[in-house]
Amino acid sequence: AVVSTQSTGGKVADMDIQEGAMSNIAYLMILLVWLIGGALLGLGVYLYLETVEIGTCVNNELSPLMVVLIAIGGVLLITAVMGLVGVCKKRSFILSGFLAAMIIVLLAQFAAVVILFIFEAGVHYYMDDGMQHSLLFYGKEGENAKFTNSWDYVQENHQCCGQYGWADYTTPNASNWFSTKFGSLPDSCCEVYKKGCGEDIVDKLNITKPPTGIYMTGCYKVLEDYTTHWLTITGSAALVFMFVQVLAIFLNISLHSRYREHEDYQLQSRKVKQVKDSQPDNVLKTGI
């Protein structure tokens, strides 16, 4: 009986040591997941605020992608907290919820990355179409002033002019501007911004002659490169983050089984103790 007790005690001690080491690693992995969630959330918010400014110009084609990014980042933050509680409390049922949520988020991320890379060309197509539509209303006031404000933001901050170039404002591509201010360009197209800097800057006798002091690059090309850059960064980062999440899932699956085994052992020990405590003393002495 002494040997059996020592053997059992040694087994429990070994399990505690293994669990302690795995728990420390799990803390680090879940902390990484939490940081990943924060990074995705922060990146999503930053890009969303940026796309809100240019959204009207490109027909709001980018905002839904940023909302998905924010949602995934927020869910990861909450899920990581659940995982930390499960490891801290050593409760297998909490880890079960954490693992289920992690797997769902991982699948959602995988689907989002696949859609991102497959439909990247489609995003550019709808951006092009949206810019063609919004440029028609440039210069109008009232409820259509939002198009002017969005184009001015894009042209001034991304250092471009028109959809394909400054010449768009000398054609019906920008029908409102063409019909009301032919020969002038928006002040936001000027390399050095000053009110009225674009007025009568185009040579009406030779409208193909490039004016001086004006951004030559069209905004579609600039925004295409801009979105491709950020979509590539977001997609690549998501793939790296998914790898870390997979490691965290496998580690916590192993830790979950350890906690479950330990809980089963403790439950069995309590049952044995209850049986012993319920037996009369004379029965125990007779057994001895």
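Analyst: Let's start with a term you'll need: two residues are in contact when heavy atoms lie within 4.5 Å. What you're looking at is a predicted model, in which local features need pLDDT of at least 70 and side-chain atom pairs count only at pLDDT 80 or more, while totals for chains, interfaces and linings use all residues. Residues are numbered from 1 along each chain as its sequence is written, and side-chain values use heavy atoms, with hydrogens and water left out.

User: What is the mean pLDDT of the protein chain?

Analyst: pLDDT is the predictor's confidence in each residue, from 0 to 100. Here the chain averages 79, with 83% of its residues at 70 or more. Residues 1–9 fall below 50, and that stretch has one contact in the model beyond near neighbours in sequence. Among the elements, helix α5 (residues 145–157) has the highest mean, 90, and helix α8 (residues 281–287) the lowest, 50.

User: How many helices and strands does the protein chain have?

Analyst: Both are DSSP runs numbered from the N terminus: helices are H or I with at least four residues, strands are E with at least two. This chain has eight helices and zero strands.

User: How do I check a helix, say α2: what should its 27 residues span?

Analyst: The expected span is 1.5 Å times one less than the number of residues. For α2 (residues 63–89) that gives 39 Å, and its end C-alpha atoms are 39 Å apart, so the two agree. Helix α3 (residues 92–118) also has 27 residues, an expected span of 39 Å and end C-alpha atoms 39 Å apart. Just after α2, Lys 90 takes a positive phi of about 55°.

User: Is Ser 134 buried or exposed?

Analyst: Buried means under 20% relative accessible area, exposed over 50%, and partly exposed in between (1.4 Å probe, protein chains only). Ser 134 has 1% relative accessibility, so it counts as buried. Across the chain, buried residues make up 39% of the 288 residues. For contrast, try Tyr 27 in helix α1 (residues 2–55): its 31% makes it partly exposed. Setting aside residues up to four places away in sequence, Tyr 27 touches Leu 84, Val 87 and Cys 88.

User: And what is Ser 134 in contact with?

Analyst: Ser 134 sits in helix α4 (residues 120–135). Apart from neighbours within four places in sequence, Ser 134 contacts Thr 56, Cys 57, Phe 147 and Trp 151. Its side chain also reaches the backbone oxygen of Cys 57 at 2.9 Å.

User: How many disulfides are there?

Analyst: A disulfide is a covalent bond between the sulfur atoms of two cysteines. The rule used here is a pair of cysteine sulfur atoms within 2.5 Å, and the count comes to three. In Cys 160 and Cys 219, the sulfur atoms are 2.1 Å apart. Cys 160 lies in the loop between α5 and α6 and Cys 219 in helix α7 (residues 219–278), so this pair ties together parts 59 residues apart in sequence. Cys 161 and Cys 189 have sulfurs 2.1 Å apart, and they link the loop between α5 and α6 to the loop between α6 and α7. Cys 190 and Cys 197 make a further pair, at 2.2 Å.

User: Why does Cys 57 not bond with the closest cysteine sulfur?

Analyst: That sulfur belongs to Cys 219 and is 6.6 Å away, too far for a bond. Cys 57 itself is buried, with a relative accessible area of 0%.

Notes
Polar contact = N/O pair within 3.5 Å; in protein donor to acceptor, adjacent residues only side chain to side chain.
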